[in-house]
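This briefing covers the ligand site, the sheets and the unusual backbone geometry of the model shown below. Please read it with the sequence and the structure at hand.

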Amino acid sequence: MKSVKGYGRPLWVAGKPIDHTLSPAIHNVAFQRASLPHRYFALEVAPDELQELIDVFREVDALGVNFTIPLKETVCDLVDLKTDSVEALGAANTLYREDGRLKLDNTDVYGFKKLIEPWHDRVKEGPVTLLGAGGAARACLYALGELQCPTIQIWNRTTERAQKLRDEFSSLEIECLSDEELENGAFDGDVVVNSTSLGLQEDDPSPLPASVIRDDMVGVDLIYHRNTTFMDEYLNRGNEAVGGLEMLVYQAARAWERWTGESPNVDVMMNAAREELRNQ
Ligand code: NAP
């Protein structure tokens, strides 16, 4: 079995659940805009089916795969060649070919760097406050390290997970914040990143009390589905705030570059993502 020249090659986003993914809309419009014949599909894949997917990928000469929950870690055991970020994080979201060999990248790191680009100068001065200690927080930490952020203050609902991150990312200067320190605003970071999943549900509260938001603070939320309470509380008092849609689109753009060797039209990707969100 092999893809036939001129008819395009398949790509997939694999995960479980996968029903609400924006990725096919984002990538297919970029292929269309670039007059490339490839087609990108959503595929429900459980961890125990992942090897089969990699085998099919090789067999049909597919162009690429994105991985989402719960496959980002498992896939690292199945592919040998990895970028430095994947080696460091033990999590990947993009499979591509380099000199004919399969390779994994974690393009969330690039996506997060692009999301906070307007505040890179402030990030380089530090500190940055990071709420959450899950998979997304790990990608943020790696990116903050690459941006040479001098100090990162992490708060997490389960304090032990934040402490574990501090131990694991030992080359970074990381302080763990207690619940009391967060509630009393006893932290210096003026760029505050919400990487918790609080905000995924429409009526979710913010993990940060509105009373501790200072005039100079920027709120960065990784959630891209809507303006969250976290974001609204910044915007309502005239502060800057941004949601995670740019991170999603730029991680897609970097993956697209890995697959095609070209740069996609990011504006059409962004419009497709917004349109898809409106239709969900
Ligand atoms: P994850 O690994 O499951 O981690 C979830 C995090 O949220 C943990 O820190 C968890 O704290 C915290 N949390 C969950 N419920 C909470 C609650 N009720 N109160 C306070 N904290 C709570 O998930 P993830 O992969 O890191 O993803 C986190 C969020 O980032 C998701 O909303 C996801 O959509 C978003 N994300 C966006 C992008 C993008 O491209 N924009 C990329 C990746 C992820 P505990 O440790 O205490 O459980």
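The residues that come nearest to the ligand are Ala136, Asn156, Thr158, Arg161 and Leu222, out of 20 residues around it. The model is a predicted one. The ligand occupies the space of the largest pocket, and the strands discussed below include those of two open sheets, one with parallel pairing and one with mixed pairing.

**Ligand shell**

- By class, the residues of the shell around the ligand divide into 9 nonpolar, 9 polar and 2 charged.
- Two helices, H6 (135-146) and H10 (245-260), each contribute at least two residues to this shell.

**Polar contacts and burial of the ligand**

- The side chain of Thr158 places an N or O atom 2.4 Å from an oxygen atom of the ligand; Thr158 is also among the residues that come nearest to the ligand.
- Gly135 approaches through its backbone, where an N or O atom lies 3.0 Å from a ligand oxygen atom.
- Ser197 likewise takes part through a polar backbone atom, which is 3.1 Å from an oxygen atom of the ligand.
- The ligand taken alone exposes 920 Å², and the protein buries 78% of that area.

**Parallel sheet**

- This open sheet consists of 6 strands in the order E9-E8-E7-E10-E11-E12, and the pairing is parallel.
- Its edge strands are E9 (174-176) and E12 (241-242), each of which pairs on one side only.
- Strand E11 (residues 218-221) runs parallel to E12 and is joined to E12 by 2 bridges.
- Across this pair of strands, Val220 stands opposite Val242 in E12.

**Mixed sheet**

- The other open sheet described here also has 6 strands, in the order E2-E1-E3-E5-E6-E4, with mixed pairing.
- Strand E2 (39-44) and strand E4 (81-82) form its edges, and each pairs on one side only.
- Strand E1 (residues 10-15) and strand E3 (residues 64-67) run parallel and are connected by 4 bridges.
- Within this pairing, Leu11 stands opposite Gly64 in E3.

**Backbone geometry in the loops**

- Most peptide bonds are trans, and most residues other than glycine have a negative phi.
- A cis peptide bond leads from Lys16 to Pro17, with omega near 5°; Pro17 belongs to the loop between E1 and helix H1 (23-33).
- A further cis peptide bond leads from Gly126 to Pro127, with omega near -15°.
- Pro127 is located in the loop between helix H5 (120-125) and strand E7 (128-131), and E7 is one of the strands of the parallel sheet.
- Ser35 is not a glycine, yet its phi is positive, at about 55°.
- The loop that holds Ser35 runs between H1 and E2, and E2 is an edge strand of the mixed sheet.

Technical notes. Residues numbered from 1 in each chain as written. Predicted model: local features only at pLDDT ≥ 70, side-chain atom pairs only at ≥ 80, totals over all residues. Heavy atoms only, no water. Near = heavy atom within 4 Å. Polar contact = N/O pair within 3.5 Å; in protein donor to acceptor, adjacent residues only side chain to side chain. Areas by Shrake-Rupley, 256 points an atom, 1.4 Å probe, with all protein chains shown as cover. 1 Å grid on protein atoms, 1.4 Å probe; cavity = no way out; pocket = protein on both sides within 12 Å on 5 of 7 lines; lining within 4 Å. Sits in = over half its atoms within 2 Å of the grid points. Nonpolar A, V, L, I, M, F, W, Y, C, P; charged D, E, K, R; others polar. Pairing = 2+ DSSP bridges.
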